[in-house]
Amino acid sequence: MSESTILTTENLDLWYGDTRALRSVSIEVKDRHVTALIGPSGCGKSTLIRCFNRMNDLVDHCRISGSINYHGKNIYANGADPVEIRRAIGMVFQKPNPFPKSVYENVAYGPRVHGISDRKQLDAIVEKSLRNAALWEEVKDRLSESAMGLSGGQQQRLCIARTLAVEPEVILMDEPCSALDPIATSKIESLIDELKKNYCVIIVTHNMQQASRVSDYTGFMYLGEMIEYGETAQIFENPNKELTENYITGRFG
Amino acid sequence: MSEKFHAELAGKKKQILVMSAHSRSMLRDSMVALERNDLRLAESVKKRKEELTHLNETLEEEIYRLIALYQPVARDMRMIVCSLKVIAANERIGRYGKDIANVVIKTINNETKYTDLVTALSLPHMGDLVLSMIDDALRGYELEDLTYISHHSERDDRVDALRHTIFREGITYMMEDPRLITRCTNYLMVARYLERCADHSCKIAEKVYYLVTGERIEIK
């Protein structure tokens with residue numbers, strides 16, 4: 001395992017009841033890089049990203065075998081704390097889902113849950129998180145207004161700020177731009193480029209151009225298998241597997 | 001959407017091969033005109049330059065349009081890269097055909113002691129070698145098959161060696177009869193043009209290799 005590897009999966013299998021959704025997936029995810037997961041609907045990419053912070057624990061009849069190691073420790077081991085894992089490995093979803101609260105409270109919510117109550121400290125966290133999510137300038141005069149009044153793109157960046165507020169190391173993004181217009185998408189993509197300086201970002205996307213634009217590594221999945229995983233430039237210039245080639249050139253999927 | 005793109009790309013490839021046939025005919029006919037001392041054929045080659053320019057501009061533009069509209073990746077992207085190189089090489093090869101036609105027009109003369117010089121210098125033989133290299137590079141592009149270009153490097157060496165021989169022979173003829181200097185210098189230029197055409201066929205071959213394997217090589 002190289003120094004910059006932060007997450008690895010080893011022979012990861014996942015079943016929803018009798019359906020096998022992941023088939024022996026083994027990858028290494030690099031810290032401070034963007035990794036994109038692509039593949040047709042139902043290929044297991046969202047399932048895989050949800051394994052990284054144990055979101056699948058909430059799904060009935062979901063079974064996992066193999067391991068996911070975060071800093072070398074299996075997050076599915078007995079005694080691993082899912083709450084702590086979800087703090088360190090945050091998640092942003094497809095549809096912006098701010099709480100029906102003020103902009104400020106959305107960001108302060110996580111730190112409060114984790115026990116921070118000092119107002120000054122919270123103010124600092126909120127400002128820093130909003131700045132890092134490239135949203136501060138747009139909302140600094142309306143922190144007490146409802147988050148529901150923000151535009152879709154702003155709401156999504158607010159969700160990113162909310163994730164950053166609890167100081168994670170890894171940010172999982174499950175199709176973060178699919179509900180956004182091209183301008184808002186472009187802002188999120190620029191933000192991802194900034195975030196990778198300090199965080200590991202894993203993004204699931206249906207948009208292959210987006211994967212090629214934002215990521216350093218790309219994994220192509222099909223029917224629950226990781227068909228090919230490598231540097232993004234190589235995958236999009238000269239993939240090793242014919243299946244990858246056929247998918248990214250639009251011959252199926 | 002991708003079916004539409006692949007159909008368009010296949011259509012462009014066909015048009016590029018039509019352009020290739022056009023530029024190849026310019027080179028071939030200029031060599032025939034040189035060998036037969038045929039003024040009319042040389043002038044017809046010159047006239048074909050206009051169509052060559054038109055094909056070059058429109059095909060290049062259409063390839064740019066495909067890039068802008070579809071952002072091709074992987075093999076599709078490599079096909080685009082290779083196609084642009086083929087268009088550029090076609091244009092150069094056709095223009096060398098025109099240059100050779102100009103030599104024919106400049107040196108037109110019915111006295112056999114002059115026209116025999118073309119054969120004496122092995123220019124028709126060199127022309128055949130170069131045309132077959134161009135044909136094989138284009139066949140490689142058409143069929144996306146490396147077997148046609150597998151000996152391009154050695155073939156290019158032979159063409160280079162031949163040009164060198166022609167140069168030395170030309171000097172001997174010029175020393176023998178200084179009245180031949182202008183004509184002979186022109187013929188040495190023809191050898192130079194042919195050698196450049198062989199180089200362009202190598203450039204096509206390099207990109208065919210890239211298209212098929214994704215790897216870049218240099219054919220010298």
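Biologist: How many salt bridges does the rule find across the interface of chain A and chain B?

Modeller: This is a predicted model, in which local features need pLDDT of at least 70, side-chain atom pairs count only at pLDDT 80 or more, and totals for chains, interfaces and linings use all residues; side-chain values use heavy atoms and leave out hydrogens and water. Residues are numbered from 1 along each chain as its sequence is written, while chains are lettered from A and ligands numbered from 1 in the order in which they are written. A salt bridge is a side-chain nitrogen of Lys or Arg within 4 Å of a carboxyl oxygen of Asp or Glu. Across the interface of chain A and chain B, the number found by this rule is two.

Biologist: Which residue of chain B forms a salt bridge with Glu237(A)?

Modeller: Side chains of opposite charge can pair when their charged atoms come close. For Glu237(A), the closest N and O atoms of the pair are 3.3 Å apart. The partner in chain B is Arg216(B).

Biologist: Which residues of chain A lose the most area to chain B?

Modeller: Buried area is the accessible area (1.4 Å probe) that two parts lose on being put together, summed over both. Chain A and chain B bury about 930 Å² between them, with 42% of it on carbon and sulfur atoms. Three residues together account for 47% of what the side of chain A buries, and they are Glu237(A), Asn238(A) and Thr249(A).

Biologist: Which elements give two or more residues to the side of chain A that touches chain B?

Modeller: With contact meaning heavy atoms within 4.5 Å, the two chains contribute 10 residues from chain A and 15 residues from chain B. Helices (H or I, at least four residues) and strands (E, at least two) are DSSP runs numbered from the N terminus. On the side of chain A, the elements are helix H9 (232-237) and helix H10 (242-248).

Biologist: Where do Arg65(B) and Glu8(B), which form a salt bridge, lie in chain B?

Modeller: The structure holds 35 salt bridges over all chains. In the one between Arg65(B) and Glu8(B), the closest N and O atoms are 2.8 Å apart. This pair links distant parts of the chain, 57 residues apart. Arg65(B) lies in helix H3 (residues 49-70), and Glu8(B) in helix H1 (residues 2-36).

Biologist: Why is one side of strand E6 and of strand E10 of chain A left without a neighbour in the sheet?

Modeller: Two strands pair if DSSP finds at least two bridges between them. Six strands of chain A form an open sheet of mixed pairing, in the order E6-E7-E8-E3-E9-E10. Strands E6 (89-92) and E10 (225-231) stand at its edges, so one side of each lacks a neighbour because each has a single partner strand.

Biologist: Which helix of chain A packs on this sheet?

Modeller: Axes are lines fitted to C-alpha atoms, for helices over the stretch in contact, and angles run from 0 to 180 degrees between N-to-C directions. The helix touches E6 and strand E7 (170-174), and its direction makes about 170° with that of E6(A). It is helix H6 (residues 152-164).

Biologist: Which residue of E10(A) stands opposite Tyr222(A)?

Modeller: Strand E9 (residues 217-222) of chain A is joined to E10(A) by six bridges, and the two run antiparallel. Opposite Tyr222(A) in E10(A) stands Glu225(A).

Biologist: Which strands are at the edges of the open sheet of four strands in chain A?

Modeller: The order of this sheet is E2-E1-E4-E5, with antiparallel pairing. Two strands pair on one side only, namely strand E2 (19-30) and strand E5 (73-74).

Biologist: Which residue in the turn between E1(A) and E2(A) has a positive phi?

Modeller: E1(A) and E2(A) pair in the antiparallel sense over eight bridges, and Tyr16(A) has Thr19(A) as its bridge partner. The two strands form a hairpin with two residues between them. The residue in the turn with a positive phi, about 60°, is Gly17(A).

Biologist: Which residue plays this part in the hairpin of E4(A) and E5(A), with a positive phi of about 50°?

Modeller: Strand E4 (residues 62-70) and E5(A) pair in the antiparallel sense over two bridges. Asn69(A) has Asn74(A) as its bridge partner, and Tyr70(A) stands opposite Lys73(A). Two residues lie between the strands, and the one in the turn with this phi is His71(A).
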